[in-house]
Amino acid sequence: MHERERDMTGAAGYSTVTVIPRSAWKAVDVQTRERLHEAADKLIIHHTALWSCWSRTQSIAQLIHIQQAHIHERSFADIGYNFLVDQAGVVYEGRGWGIVGAHAKTHNHTSVGVAFMGNFNDEAPSLQALSSLCALIQHGVAKGYLQPDFVILGHRDVADTQCPGEKLYSSLHTLKTLINHTS
Ligand SMILES: [Zn+2]
């Protein structure tokens, strides 16, 4: 097991995960952050449909790019996703826990949106990325941000879109298996 992960293993037996905070990727500060009224009942999976990210440098460049695009091209208040995960399995804070995102129109107030960084029409998500997301989810349930009986959906399940890409969509069963085996 990775040194950092071992250090971060929670007392309650949950595997936990390090989340790289907004400040570490130089996110633009935003003033308006609407809070979710209750724990989210769904996790909606996206892909960024941009370049593959295996290093911190590639990922941070992409995070900055997405935040700029979401604010200036889509007129969102902030980067739309609650979290993003790269292929090295590093999780980055987008809007974070308990904040309404802008990622799945009619479901933003009842869900957490996580984007895998890359284009998963052709590329498959790494096991590291899936494992990190699994740990993030367990943390979210333990802390009350996600309801224990939450469901995992791909963006395409709730909107007319290809997102999160064929390869990632077909890997969601692996994610569900990981969660069931480690929780
Ligand atoms: Zn999407």
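Which residue of β5 is the bridge partner of Val 85? The views below are taken from a predicted model, and the legend to View 1 gives the reply.

**View 1. The pairing of β3 with β5.** Phe 116 is the residue in β5 that serves as the bridge partner of Val 85. Strand β5 comprises residues 111–116, and its pairing with β3 runs in the parallel sense over 3 bridges.

**View 2. The open sheet and its edges.** The sheet contains 6 strands, arranged in the order β1-β4-β3-β5-β2-β6, and the pairing is mixed. β1 (19–20) and β6 (146–154) each have a single partner strand and stand at the edges, so one side of each lacks a neighbour in the sheet.

**View 3. Helix α2 along its length.** Helix α2 is formed by residues 56–72, 17 residues in total. From the first C-alpha to the last, α2 reaches 24 Å, which is close to the 24 Å expected at 1.5 Å a residue.

**View 4. The two faces of α2.** Ser 59, Gln 62, Leu 63 and Gln 67 are the buried residues of α2. Seen down the helix axis, these buried residues fall within an arc of 135 degrees, and therefore they line one face of α2. They pack against β3 (83–85) and β4 (91–93). The exposed residues Thr 57, Gln 68 and His 72 are carried on the face of α2 turned away from the buried side.

**View 5. The annotated region.** In an unreviewed UniProt entry, residues 17–159 are annotated as "domain: Peptidoglycan recognition protein family". Over residues 17–159, the chain is 23% helix and 22% strand, with the end C-alpha atoms 30 Å apart.

Methods
Residues numbered from 1 in each chain as written. Predicted model: local features only at pLDDT ≥ 70, side-chain atom pairs only at ≥ 80, totals over all residues. UniProt positions renumbered as here; feature names shortened; annotations may be inferred. Helix = DSSP H or I, 4+ residues; strand = E, 2+ residues; numbered from the N terminus. Expected span 1.5 Å × (residues − 1). Buried ≥ 20, exposed ≤ 12 C-beta atoms within 10 Å, placed from the backbone. Arc of directions from axis to C-beta. Contact = placed C-beta atoms within 7 Å. Pairing = 2+ DSSP bridges.
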